[in-house]
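Trainee: Got a minute? I'd like to go through this structure with you.
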Amino acid sequence: MEFNNSILIEKMRLEHIDRVLDIERLCFNNTWTRESFEMEITQNRCAYYVVARYSNKVVGYGGMWIIIDEAHVTNIAVHPEYRGMGVGNKIMEHLIDICVEKDLVGITLEVRKSNVIAKNLYKKYGFEEKGIRRSYYLDTNEDALIMWRYF
């Protein structure tokens, strides 16, 4: 439990992007570019991105777009060496806290149908499956589940 209490969540800054890109490459086949992350945190007024730090090292990140009264989670990733230690939980809790603080009506995301670990994380936080996006993931042609949590 001490590890979980040592995870700090803070706003993503340009200095975090190298480590974020390392995690991105380890976690996904189709990765975001440096320019994508830079644009999200410097130009997209709807974007809200965070990193999870442990011992001064970025071990995970997550982000969402806040559009009017809803949030759309764009990505959450945890370095493989730190999975199962509560990092994803801390990121999700923080994003949900921001939604509550801003009095949003709901938060949504897409997740691969085959990603049992992520689906279980989202269900733990009250997300429910509400639809399917057919062939959403270009790398495998896999369907995405659309999940929502309402406040």
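Mentor: Sure, we can take the aromatic rings, then a helix. This is a predicted model, where local features need pLDDT of at least 70, side-chain atom pairs count only at pLDDT 80 or more, and totals for chains, interfaces and linings use all residues. Residues are numbered from 1 along each chain as its sequence is written, and side-chain values use heavy atoms, with hydrogens and water left out.

Trainee: How many aromatic pairs are there?
Mentor: Seven. Rings of Phe, Tyr and Trp (its six-membered ring) pair if their centres lie within 6.5 Å; planes under 30 degrees apart are stacked, over 60 edge-to-face, the rest tilted.

Trainee: Why is the pair of Tyr 136 and Tyr 137 edge-to-face?
Mentor: Because the planes stand at 85°, with the ring centres 5.0 Å apart.

Trainee: Is Tyr 137 buried or exposed?
Mentor: Buried, at 16% relative accessible area. Tyr 136 is partly exposed at 36%. Buried means under 20%, exposed over 50%, partly exposed in between (1.4 Å probe, protein chains only).

Trainee: What lies over the face of Tyr 137?
Mentor: Arg 112, at 4.1 Å from the ring centre.

Trainee: New topic. Which residues of helix α5 are buried?
Mentor: Ala 118, Lys 119, Leu 121 and Tyr 122, in a helix that runs over 116-124. They share one side of α5, because their arc around the axis is only 160°. That arc uses the directions from the helix axis to the C-beta atoms. Helices (H or I, at least four residues) and strands (E, at least two) are DSSP runs, numbered from the N terminus.

Trainee: And what does the face turned away carry?
Mentor: The exposed residues Ile 117 and Lys 124.

Conventions
Lys NZ or Arg CZ within 6 Å of the ring centre and 35° of its normal.
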